[in-house]
Amino acid sequence: MIIESESLANHFWRDLWSYRELFFVLAWRDVSVRYKQTIIGMLWAILRPFLTMVVFTVIFGKLGGFPSEAGAPYALLVFAGLLPWSLFATSLADAGNSLIGNSNLISKVYFPRLIIPAAAIVTSLVDFLISLFVLIDLMVWYQYVPGWPFLLLPAFTMMAAAAALGAGLYISSMTAKYRDFRFIIPFALQLGLYVSPVGYSSNIVPEGWQLVFSLNPLVGIIDGFRWCILRGQEAFNWQSVLISAAVIALMLWFGVRQFRSNEDTLADVI
Amino acid sequence: MSEAVISVEGLGKKYLIGHQAATKSYLTLREALMRKSVGLLQQTKNILLGHPIIAGETLEEIWALRHASFSVKCGEILGIIGKNGAGKSTLLKILSRITKPSAGRVALRGRVASLLEVGTGFHPELTGRENIFLNGAILGMTRADIRKRFDEIVAFAEIERFLDTPVKRYSSGMYVRLAFAVAAHLEPDILIVDEVLAVGDAQFQKKCLGKMGEVASDKGRTVLFVSHQMGMITSLCPRAILLEGGRVVFDGNAAEGVAQYYTRDGGAPFAVDYTKLPKKIGDQLATLRQGWIEDMREKTTGEIDIRCGFKIKMQYALDRATPEHPVPNFHIYNSQGQCAFVCGGRRSSDGGIGIYEATCFVPSNLLNNDIYFIDLALTFMHAGNHVSFHERGALSVVIVDPIEETLHSEARNGYSGVFPGVVRPQINCEVRRVS
């Protein structure tokens, strides 16, 4: 193997593949450490989305009187939006901070750095799976039976994870250099919660604004989730999902590119 | 066996550091604001484009490593020595691919594992068992590998009873043992070890050294070993390179390298004046002031002919009156870190405040042809062996054997090789015919 000052990009993906085991081990570490030394442990993964759902349902559904979709209970509408949103938000926050959280590893051992933010996302996926059980409980409670589109849920889950990875890669490599980004993420996520149709249906957005609205990749993902969960009676909003997919692909490409260009000097700047 | 597994050619690593440019001494508020805002704009642009920003207006290039070239053969143990900031860590970081060089190239054959610091990647919340798997994976082992060696690792680390305890509850010794055990069972083709052995008790250190030697000799693996403990370098590595200011200034026999390390300026000197240091060496009872080596003509020197005696002197101050005078002591070690002897002063009842000088007279033909390091210490015997100061490796002295002159003397009898031994006294040896 040759180490030179010019980066040899050709073995980037091969390296990544040969270190796949480390990816699993790091993901396993993050998952098993997440709720260590907490009293209610895994319950946090249930409690957080549940309480947010209650608050949103009361504020948007009851006080605001926003309409639901496809005649579904408002709580289900909110939860179906909250699921992908919290997957995206926690993934992004964790991935964004993952490099500085592992700076001792980065400055001591070589491995493809991409593994760290990617593994951080797995933790959020585990939380997501737990909240999925809450959703199923809610559906049982409302005696709401989903249709066949429910089986397409994994596809939209992947989209949410990919969106978080794309943004997370960019943010994490930038956070390694400038800690400013640590403050940007929580703020951006706070705004994003209202810009994305989490507490309301995207149907209430005026027709003329729909296109601009769906540039937010979360719109397509949340629409997709609602279509899968809320029986899929409403016409599937192809437009917003396709735009989201395109935006996500762009984010992923840009994220990987930025990450790779920063990867070589990561140990020096972190 | 003889092909080079590591070959380094013209390797360099550059860092940029910023300095504040000298500006004219007065600035109007408007100018200052303008300057700040222009700087801020520039910085924002750099941040978004992902360029590095460096505080300060002028940049300076620092070469942490420059024009370094050497090669290492398969199965060799290479010691890397040098002062702090000489570029050792940078070199290791480049070799273990943590950072990229700015110039030059390295060709490596085989898998590299680095042990840059023990316990890298240990997670305090996880148990010993879990950490073995985690650490192993970080260092590049597969799960199957780890499972195969698991028992060996546990036995080596001697932590059987605490396998299921979170490592945050471990003592630091246990922590280090576990970390080294995992790394030692890695079996990479090239193992890079940095200062790991500075911790742990002496017995475990010995075990680690043994393991490293075994790794190199039996399994034909290559070890790069960085340490500040010269004794370890000479006992473990046949060959060493010495780095200074980012350059390789010596490449060859480890013992010679160690001698160079000490004798190049800034190493253990033959005279030190501690009164000029900001830090005080000593405690409330006494402080070390000076130490130096002197030949019999009272000339301060760092080189002594093996045929001549010399004096080691230290000056210390007693800052408080004590019932009896403390015992000054000199500990003399050879380049392998073995103690040649300890010389202690005579006890006396004079325990008054003042400045004192102690002299250790080393006779001629006692020490071997080597470099010796001298610890200076002061012990109060009346206070339960209270040690006021013990300055390790404070002084060094090179004992030279001018072989052209001594070759045919009684000492060498024509033998031109190296005499083993910490000391080389002229012991009388009589020969008589018995039949």
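**Enclosed elements of chain B in a predicted model**

In this predicted model, the hairpin formed by β17(B) and β18(B) has 5 residues between its strands, and Gly384(B) there takes a positive phi near 65°.

Q: What makes β17(B) and β18(B) a pair of strands?
A: Pairing requires at least two bridges. β17(B) and β18 (residues 386-400) are joined by 9 bridges and run antiparallel, so they count as paired under that requirement. Within β18(B), Leu395(B) is the bridge partner of Ile374(B).

Q: How do you know that β14(B) pairs with β17(B), and in which sense?
A: Strand β14 (residues 327-333) of chain B shares 7 bridges with β17(B) in the antiparallel sense. The cut-off is at least two bridges, so the term pair applies. Tyr333(B) stands opposite Phe373(B) of β17(B).

Q: Why is β17(B) called largely enclosed by the rest of the structure?
A: A residue is buried if 20 or more other C-beta atoms lie within 10 Å of its own. In β17 (residues 371-380) of chain B, 8 of the 10 residues are buried, and the strand is therefore described as largely enclosed.

Q: What makes helix α2(B) largely enclosed by the rest of the structure?
A: In α2 (residues 88-95) of chain B, 8 of the 8 residues are buried, so the helix is largely enclosed. Among them are Lys88(B), Leu91(B), Lys93(B) and Ile94(B). Just after α2(B), Arg97(B) takes a positive phi of about 65°.

Q: How many of the residues of chain B count as buried?
A: Of its 435 residues, 37% count as buried. Chain B as a whole has 9 helices and 18 strands.

Definitions and conventions. Residues numbered from 1 in each chain as written. Chains lettered and ligands numbered in written order. Predicted model: local features only at pLDDT ≥ 70, side-chain atom pairs only at ≥ 80, totals over all residues. Helix = DSSP H or I, 4+ residues; strand = E, 2+ residues; numbered from the N terminus. Buried ≥ 20, exposed ≤ 12 C-beta atoms within 10 Å, placed from the backbone.
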